[in-house]
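Reader: Could you take me through the reasoning behind the labels used for this model? I would like to see each value set against its cut-off.

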Amino acid sequence: MWAFVEQNIWLFLIGINYILVIFFSGLILLKNKNPVKTLSFLFALAVLPFLGMLVYYFFGQDYRKSKIFEKKYIFDNERIRTWRKNFRLDQQAREDFVGQFGEGVFKIYKLLKNNEKAVLTFDNKAEILVNGEQKFERLRTDLKAAKNHIHLEYFVLFDDELGSGIIDILCEKAKEGVAVRLVYDDVGSNISSKNKKKLTANGVEHFPFMPVLFSNSTSKLNYRDHRKIVVIDGAIGYVGGINLDKKYDNTFKNERFWRDTHLRVEGGAVGSLQSSFLLSWNFASNDEMKIEEKLFPKTPPENERPVAIQMAASGPDTDWANIMEAMFCAINSARERVYITTPYFMPNDAILTALTTSARSGVDVRVIVPYESDSWAAQYASDSYIEQCLESGIRIYRYTKGFVHAKTMVIDDRLTIIGTANLDYRSFALNFEINALIYDRDINEQMEAIFRSDLIECDLVDFERWKKRGLRRKLVESFSRLWAPLL
């Protein structure tokens, strides 16, 4: 028997492979997922012996609702439930909101409230920060003034000149008695052992998000903490696209100019950022933080004209793709304009349909993308969507001054979105993300002005010229598009 197996080892292995293929095919079919995605994995399993199973094992499994991302249900905590109740809309608040922004925008609020009980707060002060230079100047000042606690959650934290400076501030504040807690993504960040020891020695609590060990990496390469959150004393919050890395700050001598957008907030919306951070902290530290009132102070900021803000968080631990659904609803609610800035333009079918139908119905849809991406595969995958967009009347602008990394959306004169989510499959379905939805005409006006200013540094893609790009380029684009969910 063993001699027969040795003589026919490849036939034996192929037989085992296809027995497993039949088993995995049944599992895939029972999930009733997107037919195109299902067929893609079935095709890979059928024609790529063993390799197809590896592709499915690493990239095909859906961990939404899985035990690995089972919530600790911090929102069931009595103090947080009480905090949420304080921001429920009464009938008068609803009428004022609908009267000012319209029923279409109110639908977005209801969607996020029903999906994830996302709180809408009206007592906020919001400041748009353009590029790392503005963000880091404000952030250093706020960190140094912290009295009670500092909470940071970042996808990228490098201990280069900028990151080391932030680490020094955190250590100094911890020595002063401020509670400093840091969550950093284990794939996106790179912190030396020396600086990790320094953080620990000075009293800074820090944990990597889903640490990746070679023997236990499997799905973890796909599900990353892409958020950028800072909460200071429960009163000041930061969220947006700018990581802790010197390339985001143009005061350093970087290879190219880096264009990005961040948001600084005070008021009730900081509580939403705090809640999101606490969930990540509990998950990364494998411990339940004691919830105290000082984490959710009730002192409103001094602001003559308060701003309404709602935070949308999504990830493998949420029942719904909250951010993608909010964007879809926002685009469909637009009556005049949709202005998008994104470094990676690989929309799923729902978002692409929303954009193209909006443009064909007369909405002014414009998208700013990098002229040159930081990934050739992402570049070609993004380019594969341009022709269809141009055919529908969407205007595509390619940013030429440097690399545009901002993740923003401006809808009419009513809604602005600033956050961490790109317009791609990874942000919609795989990563932990958070976006701020700002319902405010003045903020909207500022963001429209910033968008139009960025257009000066862009080349408008000409449809007739774009159609004439070579066959080889089109083939590379199409091939890259196949791998868009993995980029």
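Reader: What makes Ile291 count as buried?

Author: Happy to start there. In this predicted model, Ile291 has a relative accessibility of 8%. Buried means under 20%, so Ile291 counts as buried. Ile291 is found in the loop between helix 11 (269-285) and strand 9 (307-314). Its C-alpha is 9.1 Å from that of Leu278, and the two are 13 residues apart in sequence.

Reader: Why is Ser384 called buried?

Author: The reasoning is alike: the relative accessible area of Ser384 is 12%, and the cut-off is under 20%, so Ser384 is buried. Ser384 sits in the loop between helix 14 (376-383) and helix 15 (386-391). Leaving aside neighbours within four places in sequence, Ser384 is in contact with Glu477 and Arg481.

Reader: What makes helix 14 roughly perpendicular to helix 19?

Author: Helix 14 and helix 19 (residues 471-482) pack at an angle of about 105°, and their axes are 7 Å apart. Angles from 65 to 115 degrees count as roughly perpendicular, so helix 14 is roughly perpendicular to helix 19. On the helix 14 side the contact is made by Trp376, Ala377, Tyr380, Ala381 and Asp383. Helix 19 brings Arg473, Val476, Glu477, Ser480 and Arg481.

Reader: Now to the rings. Why is the pair of Tyr339 and Phe451 called stacked?

Author: A search of the whole structure finds twelve aromatic pairs. For Tyr339 and Phe451, the ring centres are 4.7 Å apart and the planes are at 10°. Centres within 6.5 Å make a pair, and planes under 30 degrees apart count as stacked, so this pair is stacked.

Reader: How do you know that Tyr339 and Phe451 link distant parts of the chain?

Author: Tyr339 lies in strand 10 (residues 337-341) and Phe451 in helix 17 (residues 441-455), with their positions 112 residues apart in sequence. Both Tyr339 and Phe451 are buried.

Reader: And what makes the pair of Tyr344 and Phe403 tilted?

Author: The distance is 6.4 Å centre to centre, with 55° between the planes. That distance is within the 6.5 Å limit, and an angle neither under 30 nor over 60 degrees counts as tilted. Tyr344 lies in the loop between strand 10 and strand 11 (345-346), while Phe403 is in strand 14 (residues 402-404), so the pair ties together parts that are 59 residues apart in sequence. Tyr344 and Phe403 are both buried. Ring pairs also join them with Tyr248 and Trp258 into a cluster.

Reader: How do you know that the charged end of Lys401 sits over the ring of Phe257?

Author: The charged end of Lys401 is 4.2 Å from the centre of the Phe257 ring. The distance limit is 6 Å, and the charge must also be within 35 degrees of the ring normal. Lys467 likewise lies over the face of Phe463, at 4.8 Å from the ring centre.

Reader: Last one: which residues have the most contacts inside the largest nonpolar core?

Author: Those are Val338, Leu355 and Tyr439, in a core of 85 residues. Not counting residues up to four places away in sequence, Val338 touches nine residues' worth of neighbours that include Ile331, Leu355, Val363 and Met409. Apart from that core lies another, of 29 residues, among them Val270, Val410, Ile434 and Ile438. Across the protein chain, 54% of the 487 residues count as buried.

Definitions and conventions
Residues are numbered from 1 along each chain as its sequence is written. This is a predicted model: local features need pLDDT of at least 70, side-chain atom pairs count only at pLDDT 80 or more; totals for chains, interfaces and linings use all residues. Side-chain values use heavy atoms; hydrogens and water are left out. Rings of Phe, Tyr and Trp (its six-membered ring) pair if their centres lie within 6.5 Å; planes under 30 degrees apart count as stacked, over 60 as edge-to-face and the rest as tilted. Helices (H or I, at least four residues) and strands (E, at least two) are DSSP runs, numbered from the N terminus. Buried means under 20% relative accessible area, exposed over 50%, partly exposed in between (1.4 Å probe, protein chains only). Contact means heavy atoms within 4.5 Å. A nonpolar core is a set of buried Ala, Val, Leu, Ile, Met, Phe, Trp, Tyr and Cys residues joined through side-chain atoms within 4.5 Å. Axes are lines fitted to C-alpha atoms, for helices over the stretch in contact, and angles run from 0 to 180 degrees between N-to-C directions. Angles under 35 degrees count as roughly parallel, over 145 as roughly antiparallel, 65 to 115 as roughly perpendicular and the rest as oblique.
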